[in-house]
Amino acid sequence: MKSLQIIFSVFCFIVMVGCVSNTPVPTSTPAPTSLPAQILFDDFSYSTADEMTANGWILRSGQGWPGVQGASFRAENVSFIDYPAQAGNRLLRMTSSTDGTGANTYQTQICHQRKYFEGTYAARVRFSDVPVSGSDGDQIVQTFYSITPYEKPFDPDYSEMDFEYLSNGGWGGSPTTMHVTTWETVQIEPWNADNASNATEGSMAGWHTLVAQVTGGTVRYFVDGQMIGQHGGDYYPDAPMSINFNLWFIDGGLSGASDVREYQEDIDWVFHTADVLLMPDEVEAKINELRNAAVKFQDTISPGAIPLASPCDL
């Protein structure tokens with residue numbers, strides 16, 4: 001179990017992730033009065049990246065973990081598209097690509113400010129089992145997660161909660177596996193990690209609603225209303241986290257092909273309510289309220305007393 005944990009832990013190299021505090025004041029629409037006082041909601045109804053960063057998001061660029069050595073994160077890998085199945089709805093799309101070399105491997109990540117702690121986290125995302133172009137077989141990680149920056153080995157305040165879908169396997173597990181993991185702490189050099197994790201096998205291709213409840217000393221993970229993991233005790237988060245999505249390739253997990261292949265993950269919306277436990281069906285009801293009120297973006301989460309960390313890179 002410990003060896004699998006160490007293999008799986010590669011992802012946690014992203015512990016250096018955080019967000020800066022010098023972003024513009026968000027633009028928003030008043031939320032319906034039946035919603036909790038402190039929420040983040042983003043419908044990703046953007047036309048340009050500047051509109052998104054004005055609402056507190058960072059589009060990562062440059063090199064660094066996680067992923068293939070020599071790979072780069074590119075802000076231009078983020079795009080905005082119309083949702084074909086729902087007129088008037090927009091999606092955020094992350095596109096990552098590789099030709100099997102580190103120099104030509106391009107990954108994607110977005111993060112929002114480090115101010116999220118207890119409460120309910122949710123997102124509606126589309127996973128895929130195959131690339132949109134090129135040959136299949138790369139070990140790609142499709143995610144929704146929250147995290148604190150890595151500041152020192154075995155930091156008692158380190159916190160991380162992950163939804164990670166591996167359509168082509170990795171970390172010693174089977175293909176088409178969803179991992180949900182909650183972290184106590186970690187040391188990067190030499191590697192030593194402490195986490196609790198559950199794995200659910202089977203294809204997750206298509207749209208799914210992901211919900212994490214963080215309250216009362218327990219973290220619960222749901223996919224489409226079904227609980228697939230529950231962790232507590234030492235693994236319960238200790239400090240505010242940033243909200244993140246990324247799409248990256250496992251180092252050593254690229255196929256032997258030399259053609260360019262592209263993988264995509266789409267995001268419909270993201271939601272957080274501070275200090276309030278909502279069940280998955282209640283989350284869906286809140287999203288419907290916001291959309292019926294024509295709210296595209298709402299951020300009333302208090303920034304708190306902990307300063308925000310560095311941008312989404314090492």
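Select D275 to begin: at 59% relative accessibility, above the 50% cut-off, this residue counts as exposed. D275 is found in the loop that runs between β17 and α3 (280-292), and although D275 is not a glycine, its phi is positive, at about 65 degrees. Please keep in mind throughout the tour that the model is predicted.

From D275, move to the end of that loop and to a strand elsewhere in the chain. Q226 has its place in strand β15 (residues 226-232), and with a relative accessibility of 56% Q226 counts as exposed. If you draw a distance between the C-alpha atoms of Q226 and P280, the viewer should give 8.6 Å, although the two residues are 54 apart along the chain.

Now show the whole protein chain as a cartoon, in which three helices and 18 strands can be found. Of its 314 residues, 56% count as buried, and the accessible surface of the chain comes to about 11,800 Å², with 52% of that belonging to carbon and sulfur atoms. If one takes the contacts between residues at least 6 apart in sequence, 76% of them join residues at least 24 apart.

**The nonpolar cores**

Next, select M52, W57, I110 and F245, which are the members that touch the most others in the largest nonpolar core, a set of 45 residues. Strand β16 (residues 241-249) is the element that gives the most to this core, contributing five residues. With M52 still selected, display its surroundings: once neighbours within four places in sequence are left aside, M52 is in contact with F44, Y46, W57, L59, V78, F80, L92 and I110. Another core lies apart from this one and has 13 residues, including F41, V211, W269 and L278.

**The aromatic rings**

Stay with the aromatic side chains, since the structure holds ten aromatic pairs. A pair of rings is described by how far apart the centres are and by the angle between the planes. Take F44 and Y46, whose pairing is edge-to-face, with 6.4 Å from centre to centre and 70 degrees between the planes; both F44 and Y46 are buried. Adding W57 and F80 to the selection completes a cluster in which ring pairs link F44, Y46, W57 and F80.

For a pair with another geometry, select F144 and F245, whose ring centres are 4.9 Å apart and whose planes meet at 20 degrees, so the pair is stacked. Because F144 belongs to strand β9 (residues 140-147) and F245 to strand β16, this pair ties together parts that are 101 residues apart in sequence. F144 counts as buried at 3% relative accessibility, and F245 counts as buried at 0%.

Two arginines can then be viewed against aromatic rings. R60 lies over the face of F73, at a distance of 3.7 Å from the ring centre, while the charged end of R74 is placed over the ring of Y106, 3.8 Å from the centre of that ring.

**A buried arginine**

Go on to R261, which is found in strand β17 (residues 261-274). Is R261 buried or exposed? At 0% relative accessibility, R261 counts as buried. What, then, does the side chain of R261 make a polar contact with? One partner is the side chain of S255, at 3.2 Å, and the backbone oxygen of D259 also lies 2.7 Å from a polar atom of the R261 side chain. Beyond the neighbours within four places in sequence, R261 is in contact with S96, S97, T98, D99, G100, P131, S133, G134, S135, D138 and S255, so displaying these residues together shows the surroundings of this side chain.

**Two backbone features to finish**

Select W65 and P66, which are joined by a cis peptide bond with an omega of about -5 degrees; P66 is in the loop between β3 (62-63) and β4 (72-73). Finally, select W171, which has a positive phi of about 60 degrees although W171 is not a glycine. This residue lies in the loop between β10 (160-166) and β11 (177-187), and W171 is buried, with a relative accessible area of 6%, whereas D275, where the tour began, counts as exposed.

Technical notes: Residues are numbered from 1 along each chain as its sequence is written. This is a predicted model: local features need pLDDT of at least 70, side-chain atom pairs count only at pLDDT 80 or more; totals for chains, interfaces and linings use all residues. Side-chain values use heavy atoms; hydrogens and water are left out. A nonpolar core is a set of buried Ala, Val, Leu, Ile, Met, Phe, Trp, Tyr and Cys residues joined through side-chain atoms within 4.5 Å. Buried means under 20% relative accessible area, exposed over 50%, partly exposed in between (1.4 Å probe, protein chains only). Helices (H or I, at least four residues) and strands (E, at least two) are DSSP runs, numbered from the N terminus. Contact means heavy atoms within 4.5 Å. Rings of Phe, Tyr and Trp (its six-membered ring) pair if their centres lie within 6.5 Å; planes under 30 degrees apart count as stacked, over 60 as edge-to-face and the rest as tilted. A charge sits over a ring if NZ of Lys or CZ of Arg is within 6 Å of the ring centre and within 35 degrees of the ring normal. Accessible areas come from the Shrake-Rupley method with a 1.4 Å probe; for residues, only the protein chains shown count as cover. A polar contact is a pair of N or O atoms within 3.5 Å; within protein, one must be able to donate a hydrogen and the other to accept it, and residues adjacent in sequence count only if both atoms are side-chain atoms.
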